[in-house]
Amino acid sequence: MIKWITGLPSKLTRVTSGRKLIKEVDGLRFFAIVPVLIQHLTERFERNTSFVKGDVAETIGFLAHRGFIGVYIFFVISGFILSLPFASYFLKGSEKISIRTYFWRRITRLEPPYIIWLTIFFIIFLLTGVRSFQEYLPHYLANLTYTHGLIYHLWSPFNPPTWTLEIEIQFYILAPFLAMLCFKLKNKVLRRALNVLLIVALILIQQHFGLYKNPYNLTILGHLHYFLIGFILSDIYLSDWTEKQANKIYDFAGLASVFGLIYLWSWDYELSNRLYFPICLFIFFVCCFRGVFINSVLRNRWIMAIGGMCYTIYLIHLPFAELFIKISKNLNIGNSYSVNLLFQLLMFLPIVLFLSAIFYITLEKPFMNKDWPGKFKAFLRSALNKKL
């Protein structure tokens with residue numbers, strides 16, 4: 001049993017498409033998904049219980065509701081990862097990326113788990129009888145085509161977090177063309193300066209036209225600048241970080257950037273906060289790659305394993321949180337908001353991670369193998385030949 005547990009991280013390690021696994025990225029995914037889990041469970045805890053907040057609880061509640069920061073970390077990661085092969089081609093002369101292969105890989109990697117879980121939750125909601133099949137079917141079809149936010153200007157009724165996946169898909173479509181425009185510039189200073197100017201321009205445009213509000217907030221219009229931070233990072237990663245040069249000063253800067261992110265994020269959307277927040281995000285990412293302690297934490301095999309299965313966690317955690325809190329809300333320890341929230345989280349997080357590990361291995365990891373469509377076709381042919 002102990003041997004099986006110690007070997008679990010290797011079983012959860014992601015399968016890459018022939019490219020080198022960047023360990024820090026999976027570590028960053030861990031620090032993106034955990035705040036989301038905490039926030040969503042906290043929201044359901046507050047809606048389903050009547051604990052009164054004291055001064056300490058107000059602070060704990062404030063921190064627990066910073067889970068949206070995890071979403072922006074995911075956006076930066078996507079900008080970094082998706083731009084990296086294009087940046088490598090233009091800046092390092094590596095193999096040219098086929099647009100057809102790029103889009104086919106996105107479809108075969110991401111669509112199967114998404115369709116499976118969306119269909120499961122659609123069926124569950126139908127069985128609960130909250131609404132009729134006719135009422136839910138249009139929402140299901142909009143979710144399947146990543147157009148729910150565009151059509152309804154609302155989150156999905158049976159899996160609300162998919163609004164961010166719709167934005168990710170919109171970025172996936174834009175990414176190759178944005179990367180070509182960005183990395184064709186050979187002058188490093190000019191290339192990065194224009195990227196920064198574009199980020200600032202996007203924030204100013206969003207602020208002027210209110211694109212940070214719904215319904216625009218449910219589209220790429222409200223978030224493109226976060227993905228472009230990833231472009232700058234991939235540029236620096238390939239051009240400047242040729243050797244490992246860790247320094248403890250990055251650990252302190254990274255900690256300061258985390259405090260900055262927590263302090264700056266709010267629903268008020270003040271322009272100054274929206275300008276400083278991306279700076280803190282950028283500093284945080286740089287420190288994750290260049291720090292000593294932070295980097296060692298990110299590269300921990302358990303942290304990487306959990307981060308690597310974040311897609312499955314993201315797909316299943318909220319419906320499970322809804323079910324979990326209905327069962328656990330009457331399990332109390334005294335009358336303290338803080339103690340009971342911590343108690344709920346200590347129960348919820350291990351369970352959702354355990355379930356996610358099972359579903360990741362069975363329903364996601366097989367689709368990480370880029371050759372699975374061909375193998376599946378061969379299996380079907382073999383099965384048909386046997387019948388004939």
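This passage describes the salt bridges, internal spaces, surface patch and backbone features of a predicted model.

Side chains of opposite charge can pair when their charged atoms come close. In this model, nine salt bridges are present, and several of them involve residues in helices. Arginine 44 takes part in a salt bridge with glutamate 43, in which the closest N and O atoms lie 3.2 Å apart, and both of these residues are buried. Arginine 44 also forms a salt bridge with glutamate 322, where the closest N and O atoms are 2.9 Å apart. Because glutamate 322 belongs to helix α16 and arginine 44 to helix α3, this pair ties together parts of the chain that are 278 residues apart in sequence. The two partners differ in their exposure: arginine 44 has a relative accessibility of 5% and therefore counts as buried, since the limit for this class is under 20%, whereas glutamate 322, with a relative accessible area of 28%, is partly exposed.

A further salt bridge is found between aspartate 235 and arginine 192, whose closest N and O atoms are 3.1 Å apart. Aspartate 235 is located in helix α11 and arginine 192 in helix α10, so that this pair links parts that are 43 residues apart in sequence. Both aspartate 235 and arginine 192 are buried. The pair also belongs to a network, in which salt bridges with shared partners join Lys188, Arg191, Arg192, Asp235 and Asp240.

Helix α10, which spans residues 188–209, also contributes to a nonpolar patch on the surface, supplying three residues, the largest share of that patch. The patch covers about 270 Å² and is made by Val196, Val200, Leu204 and Leu271. Of these residues, valine 196 is placed in helix α10, and its relative accessibility of 41% is the reason why valine 196 counts as partly exposed.

Turning to the interior, the structure contains one cavity of 30 Å³ or more, and the volume of this largest cavity is about 150 Å³. Its lining is made up of 15 residues, of which Tyr72, Tyr226, Trp265, Tyr269 and Arg274 are the closest to the centre. Two elements, α11 (224–239) and α13 (271–290), each give two or more residues to this lining, and the largest share, three residues, comes from α13. When the lining residues of the largest cavity are sorted by class, seven are nonpolar, six are polar and two are charged.

The second largest pocket holds about 660 Å³ of space. It is lined by 27 residues, and those closest to its centre are Phe31, Pro35, Val258, Ile262 and Phe284. At least two residues of this lining are supplied by each of α3 (23–48), α4 (55–64), α5 (68–92), α12 (249–264), α13, α14 (293–298) and α17, with α12 giving the most, namely six residues. By class, the lining of the second largest pocket consists of 22 nonpolar, three polar and two charged residues.

Several features of the backbone lie in loops. Most residues other than glycine have a negative phi, and most peptide bonds are trans. Against this background, the bond between asparagine 214 and proline 215 is a cis peptide bond, with omega at about 10°, and proline 215 is located in the loop that runs between α10 and α11. Tyrosine 146 has a positive phi, near 55°, although it is not a glycine; this residue sits in the loop between α7 (133–144) and α8 (148–152). Histidine 153, another residue other than glycine, likewise has a positive phi, near 60°, and is found in the loop between α8 and α9 (162–183). With regard to exposure, tyrosine 146 is buried because its relative accessible area is 10%, while histidine 153, at 39% relative accessibility, counts as partly exposed.

A loop is also the setting of isoleucine 333, which lies between α16 (310–328) and α17 (337–363). Isoleucine 333 has a relative accessible area of 42% and is therefore partly exposed. Ten residues separate isoleucine 333 from phenylalanine 343 in sequence, and their C-alpha atoms are 7.9 Å apart in space.

Notes
Residues numbered from 1 in each chain as written. Predicted model: local features only at pLDDT ≥ 70, side-chain atom pairs only at ≥ 80, totals over all residues. Heavy atoms only, no water. Patch = residues over 30% accessible without salt bridge, like charges linked within 9 Å, V, L, I, M, F, W, Y side chains within 5 Å. Areas by Shrake-Rupley, 256 points an atom, 1.4 Å probe, with all protein chains shown as cover. Salt bridge = Lys/Arg side-chain N within 4 Å of Asp/Glu carboxyl O. Helix = DSSP H or I, 4+ residues; strand = E, 2+ residues; numbered from the N terminus. Buried < 20%, exposed > 50% of the residue type's maximum accessible area, 1.4 Å probe, protein only. 1 Å grid on protein atoms, 1.4 Å probe; cavity = no way out; pocket = protein on both sides within 12 Å on 5 of 7 lines; lining within 4 Å. Points joined across faces, edges and corners; volume = space filled by probe spheres on them. Nonpolar A, V, L, I, M, F, W, Y, C, P; charged D, E, K, R; others polar.
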